[in-house]
Amino acid sequence: MKAVVFERHGGPEVLRYTDIPEPKAGPTDVVIRVKAAGANYTDIWARRGLPGMSFIFPHVSGSDAAGVVVEVGSAVTGIKVGDEVVVHPSLSCRTCEMCTGGQEVLCREFKIWGFQTGPNDGGHAQYARLPAVNVVPKPRNLSFEEAASLPLVLMTAWRMLATRARVQPGDFVLIWGAAGGLGVMAIQICRLFGARPIAVVSSSEKERRVAELGAEFVINRSRQDVYEEVRRLTNRRGVDIVFEHVGQATFPTSVRCLRWGGTLVTCGATSGFEASTDLRHLWNRQLTFLGSHMATKAELLQALRWVEMGRIRPVLHTVLPLKEVPRGQEMMERNEVIGKIVYVPEGS
Ligand code: NDP
């Protein structure tokens, strides 16, 4: 089958569109024919390589996919050939104290499918193998392309806001990268909860799109001072929640933008991991800093119900042929993408 593969870390030039063996289902697995696969920052982190993490080569990225089940392992029940599914990309042991307590994201064997798996085990391929527990029914109201754009960012933003920060009606929520994959989900989740999203973006086109998606206020960071705007919009009070994933470049501003007693929730650091904080803010203003990583299957299913009701909508920037993964990654690295890029394998 065709797949996008790399065997060493580097720039987009290390990605090769090539033939690899088709996966076979183990007893508890399913194999899906990938109809569409999402692009995520995990693909870029894996390709570049990360300090302290070893990747298994040949590596096939792709942590989101939607497709049709073509093979079912001998021990699998409840799923049959022909089912239309999307991937739940959180892999865990499912037997430990954390997993059985509904906290699979705290399992010591926790991994992101298509990021920490391999060899040849991601969604950027014509076929993909997964544990059967890691597929869920595709929302009926979505195309495969729309469905493939959702799970990872939808469930991560859901956990960050609903589970970790416990967003409340009326909360001001500052959303960095609001036109990005996570951001477009965060805006819509805030609206569901009756919160007041303040979207930060870097272009006029993005300003327009995030307003359409429900951002109550929009700050263009390329021509406005985010802290000053937040003070103005909140009448000098600050925001209840900051939705962080940019890291080093924005963290000090995020902390300053919080109201007294406010909550910062973060899942990432696109701009760098070494963020500094004046600790006096933390104790004097009694702030809460929360980490959040991926989400449980229950959280994904909860969030997908709102997708089925049409209350959370996928946001597709573009659909590219699978062989154009390098171009998609370059677009993400240049911050050009509004919502998500989706790749479609040949003949899908
Ligand atoms: P996208 O590329 O879709 O969006 C990122 C956005 O961040 C861009 O649109 C850009 O918006 C903004 N941004 C980038 N650099 C800066 C900067 N220096 N200052 C301010 N804003 C900046 O990525 P995703 O939304 O998919 O992911 C974002 C991050 O979250 C990644 O690092 C990813 O790895 C991480 N992540 C972590 C997860 C987890 O579970 N731990 C899950 C999902 C993602 P603009 O230029 O318009 O301001």
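**Exercise 1. Glu299**

Task: In this predicted model, find which helix holds Glu299, decide whether Glu299 is buried or exposed, and name the backbone atom that its side chain reaches.

Solution.
Step 1. Look up the position: Glu299 belongs to helix α10, which covers residues 297–308.
Step 2. Take the relative accessibility of Glu299, which is 5%. A residue counts as buried under 20%, so Glu299 is buried.
Step 3. Follow the side chain of Glu299 to the backbone nitrogen of Thr296, at 2.8 Å.

**Exercise 2. Asn134**

Task: Locate Asn134 between two strands, classify it as buried or exposed, and state which backbone oxygen lies 2.7 Å from a polar atom of its side chain.

Solution.
Step 1. The strands on either side are β9 (127–131) and β10 (135–137), and Asn134 is in the loop between them.
Step 2. Its relative accessible area is 2%. Because the limit for buried is under 20%, Asn134 is buried.
Step 3. The backbone oxygen belongs to Ser90.

**Exercise 3. Two residues with positive phi**

Task: For Arg94 and Arg166, give phi, the loop and the exposure class.

Solution.
Step 1. Start with Arg94. Phi is near 70°, a positive value in a residue other than glycine.
Step 2. Arg94 lies in the loop that runs between β7 (90–91) and α2 (97–100).
Step 3. The relative accessibility of Arg94 is 31%. Partly exposed is the class between 20% and 50%, so Arg94 is partly exposed.
Step 4. Go on to Arg166. Phi is near 50°, again positive in a residue other than glycine.
Step 5. The loop that holds Arg166 is between α4 and β11 (172–175).
Step 6. Arg166 has a relative accessible area of 60%. Exposed means over 50%, so Arg166 is exposed.

**Exercise 4. A cis peptide bond**

Task: Which residues are joined by a cis peptide bond with omega of about -5°, and where is Pro58 found?

Solution.
Step 1. The cis peptide bond joins Phe57 and Pro58.
Step 2. Pro58 is in the loop between α1 and β4 (59–60).

**Exercise 5. The shell around the ligand**

Task: Describe the residues that surround the ligand by number, by kind and by the helices that supply them.

Solution.
Step 1. Count the shell: 23 residues surround the ligand. The closest are Trp45, Ser202, Arg221, Thr270 and Met294.
Step 2. Sort the shell by kind: eleven residues are nonpolar, ten are polar and two are charged.
Step 3. Assign helices: at least two shell residues come from each of α1 (41–48), α4 (151–164) and α5 (181–192). The largest share, three residues, is supplied by α4.
Step 4. Place the ligand: the ligand sits in the largest pocket.

**Exercise 6. Polar contacts of the ligand**

Task: List how far oxygen atoms of the ligand are from polar side-chain atoms of Lys206, Arg221 and Thr270, then state how much of the ligand is buried.

Solution.
Step 1. For Lys206, an N or O atom of the side chain is 2.9 Å from an oxygen atom of the ligand.
Step 2. For Arg221, a polar side-chain atom is 2.7 Å from a ligand oxygen.
Step 3. For Thr270, the distance from a polar side-chain atom to a ligand oxygen is 2.7 Å.
Step 4. The ligand taken alone exposes 910 Å², and the protein buries 92% of that.

**Exercise 7. Arg221 and Pro345**

Task: Locate Arg221 and Pro345, classify each by accessibility, and give the distance between their C-alpha atoms.

Solution.
Step 1. Arg221 is in the loop between β13 (217–220) and α7 (226–233).
Step 2. With a relative accessible area of 45%, Arg221 is partly exposed.
Step 3. Pro345 is in the segment after β18 (340–344).
Step 4. Pro345 has a relative accessible area of 4%, so Pro345 is buried.
Step 5. Arg221 and Pro345 are 124 residues apart along the chain, and their C-alpha atoms are separated by 36 Å.

**Exercise 8. Glu229**

Task: State which helix holds Glu229, whether Glu229 is buried or exposed, and how far its C-alpha atom is from that of Cys257.

Solution.
Step 1. Glu229 is part of helix α7.
Step 2. The relative accessible area of Glu229 is 14%, so Glu229 is buried.
Step 3. Glu229 and Cys257 are 28 residues apart in sequence, and their C-alpha atoms are 9.5 Å apart in space.

Definitions and conventions:
Residues are numbered from 1 along each chain as its sequence is written. This is a predicted model: local features need pLDDT of at least 70, side-chain atom pairs count only at pLDDT 80 or more; totals for chains, interfaces and linings use all residues. Side-chain values use heavy atoms; hydrogens and water are left out. A residue is near a molecule or strand if one of its heavy atoms lies within 4 Å of it. A polar contact is a pair of N or O atoms within 3.5 Å; within protein, one must be able to donate a hydrogen and the other to accept it, and residues adjacent in sequence count only if both atoms are side-chain atoms. Accessible areas come from the Shrake-Rupley method with a 1.4 Å probe; for residues, only the protein chains shown count as cover. On a 1 Å grid over the protein atoms alone, a cavity is a set of points where a 1.4 Å probe fits but cannot get out, and a pocket is an open set with protein on both sides within 12 Å along at least five of seven lines; lining residues have an atom within 4 Å of a point. A molecule sits in a cavity or pocket if more than half of its atoms lie within 2 Å of its grid points. Helices (H or I, at least four residues) and strands (E, at least two) are DSSP runs, numbered from the N terminus. Ala, Val, Leu, Ile, Met, Phe, Trp, Tyr, Cys and Pro count as nonpolar, Asp, Glu, Lys and Arg as charged, and the others, Gly among them, as polar. Buried means under 20% relative accessible area, exposed over 50%, partly exposed in between (1.4 Å probe, protein chains only).
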